[in-house]
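Reader: I would like a close look at one part of this structure, its salt bridges. Please keep the account connected.

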Amino acid sequence: MKEEVKVFAPATVANVSCGFDVLGFCLSPIGDTVIVRKKEQPGVVITKIVGQDLPLDTKKNVAGVAAEALLEDLQSNQGFEIEIHKGIKAGSGIGSSAASSAGAVFGINALLGNPYTRNELIKFAMKGEELASGTPHADNVSPALLGGFTIVRCGKGPDVISIPTPPDLYATIIHPKIELKTADARSVLKKNIPLDKAIQQWGNLAALVSGLFKADYELIGRSLVDVIIEPERAGLIPQFDAVKLAAKNAGGLGSGISGSGPSIYTLSKGKENAENVRTAIAEVFAPLQIEFDTYVSKINTQGVAIID
Ligand code: HSE
């Protein structure tokens with residue numbers, strides 16, 4: 001059995017407009033690299049974090065707490081060292097904490113001979129999300145571990161279902177380089193929802209999932225509407241409405257806040273439309289004094305993977 005694995009843990013988009021806390025999808029071009037190796041002494045040690053200033057203390061690191069949750073559940077005394085090379089900036093809204101947590105539990109599981117399925121690893125990776133945001137939401141860790149689109153049905157476990165990915169679906173991401181903490185973006189949310197808004201939201205979510213199953217791109221576009229969370233959070237993100245409009249005019253199906261922001265995602269049919277969206281939204285941001293990155297990604301249907 002191997003002593004060490006190198007894992008690519010991809011970025012993800014959570015919420016997907018009408019799917020707050022339940023719907024997410026997986027990206028290809030950007031992610032963390034997590035190296036996991038066995039060690040002789042029991043316990044989990046984070047030996048190195050490259051690319052960002054994050055805690056090495058296992059109990060304060062999302063990958064550390066996720067790894068410990070797995071080993072405790074398995075009652076394993078095997079020790080592990082974890083090395084994290086951050087490709088995703090913390091607070092970017094594209095699943096930075098989820099990637100590190102998912103990469104760590106996936107690597108440990110592989111070195112232990114895969115006692116858990118990918119789906120079973122979600123509950124451990126969620127412990128990292130709880131540390132990062134105060135809430136154990138699974139809408140980033142699920143697509144990071146399973147790939148494609150995933151829906152998190154509420155309940156214990158959790159109960160996570162993979163949704164088919166239409167073959168021509170592409171995502172465009174713009175990441176304005178300001179930090180927005182998930183805990184802060186959650187603190188602006190109202191606790192109660194008016195019934196008329198709830199009806200619109202669950203209609204849109206059901207239609208979006210149907211659109212994904214049927215590869216009906218028009219229906220996907222019509223359903224990417226969030227009448228509950230987006231109005232509360234949009235003000236936290238510079239140029240949000242202008243980016244949405246530019247993306248639509250450039251041929252995008254629909255856009256929304258990626259996770260808790262500040263990144264904004266757009267879904268498009270075909271790579272050409274996704275690239276046109278990238279150009280259009282970059283033009284919105286170019287005059288501002290805010291640095292930004294853009295990405296175009298086919299939906300990553302594989303999820304976290306061993307690369308060495
Ligand atoms: N569903 C979470 C939130 C995702 O929006 O608060 C955070 O990435």
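How many salt bridges does a search of the whole structure find?

Author: The model is a predicted one, and a search of the whole structure finds 12 salt bridges. Three of them are described here in turn, followed by a network and the ligand site.

One of the salt bridges joins the side chains of Asp32 and Lys86, with an N to O distance of 2.5 Å. Asp32 belongs to strand E2 (residues 23–39), while Lys86 sits in the loop between strand E4 (79–85) and helix H2 (96–111), so this pair ties together parts that are 54 residues apart in sequence. Asp32 is buried, at a relative accessible area of 0%. Lys86 is buried as well, with a value of 11%.

Strands E2 and E4 also supply the partners of another salt bridge. Here the side chains of Glu83 and Arg37 meet at 3.1 Å, N to O. Glu83 is in strand E4 and Arg37 in strand E2, 46 residues apart, so the pair links distant parts of the chain. Glu83 counts as buried because its relative accessibility is 10%, and buried means under 20%. Arg37, with a relative accessible area of 21%, is partly exposed.

A further salt bridge lies within one helix. The side chains of Glu275 and Arg278 meet at 3.1 Å, N to O. Both residues are in helix H10 (residues 271–285), three residues apart, which is about one turn of the helix. Glu275 has 27% relative accessibility and counts as partly exposed; Arg278, at 26%, also counts as partly exposed. Elsewhere, salt bridges that share partners join Glu4, Arg37, Lys48, Glu81 and Glu83 into one network. The pair of Glu83 and Arg37 described above thus has both of its residues in that network.

Charged side chains also appear at the ligand. The residues around the ligand include Asp21, His137, Asp139, Asn140, Arg186 and Arg233. A polar side-chain atom of Asp139 lies 2.8 Å from a nitrogen atom of the ligand. For Arg186, an N or O atom of the side chain is 2.6 Å from an oxygen atom of the ligand. In the case of Arg233, the corresponding distance to an oxygen atom of the ligand is 2.7 Å. Taken alone the ligand exposes 260 Å², and the protein buries 97% of that.

Key. Residues are numbered from 1 along each chain as its sequence is written. This is a predicted model: local features need pLDDT of at least 70, side-chain atom pairs count only at pLDDT 80 or more; totals for chains, interfaces and linings use all residues. Side-chain values use heavy atoms; hydrogens and water are left out. A residue is near a molecule or strand if one of its heavy atoms lies within 4 Å of it. A polar contact is a pair of N or O atoms within 3.5 Å; within protein, one must be able to donate a hydrogen and the other to accept it, and residues adjacent in sequence count only if both atoms are side-chain atoms. Accessible areas come from the Shrake-Rupley method with a 1.4 Å probe; for residues, only the protein chains shown count as cover. A salt bridge is a side-chain nitrogen of Lys or Arg within 4 Å of a carboxyl oxygen of Asp or Glu. Helices (H or I, at least four residues) and strands (E, at least two) are DSSP runs, numbered from the N terminus. Buried means under 20% relative accessible area, exposed over 50%, partly exposed in between (1.4 Å probe, protein chains only).
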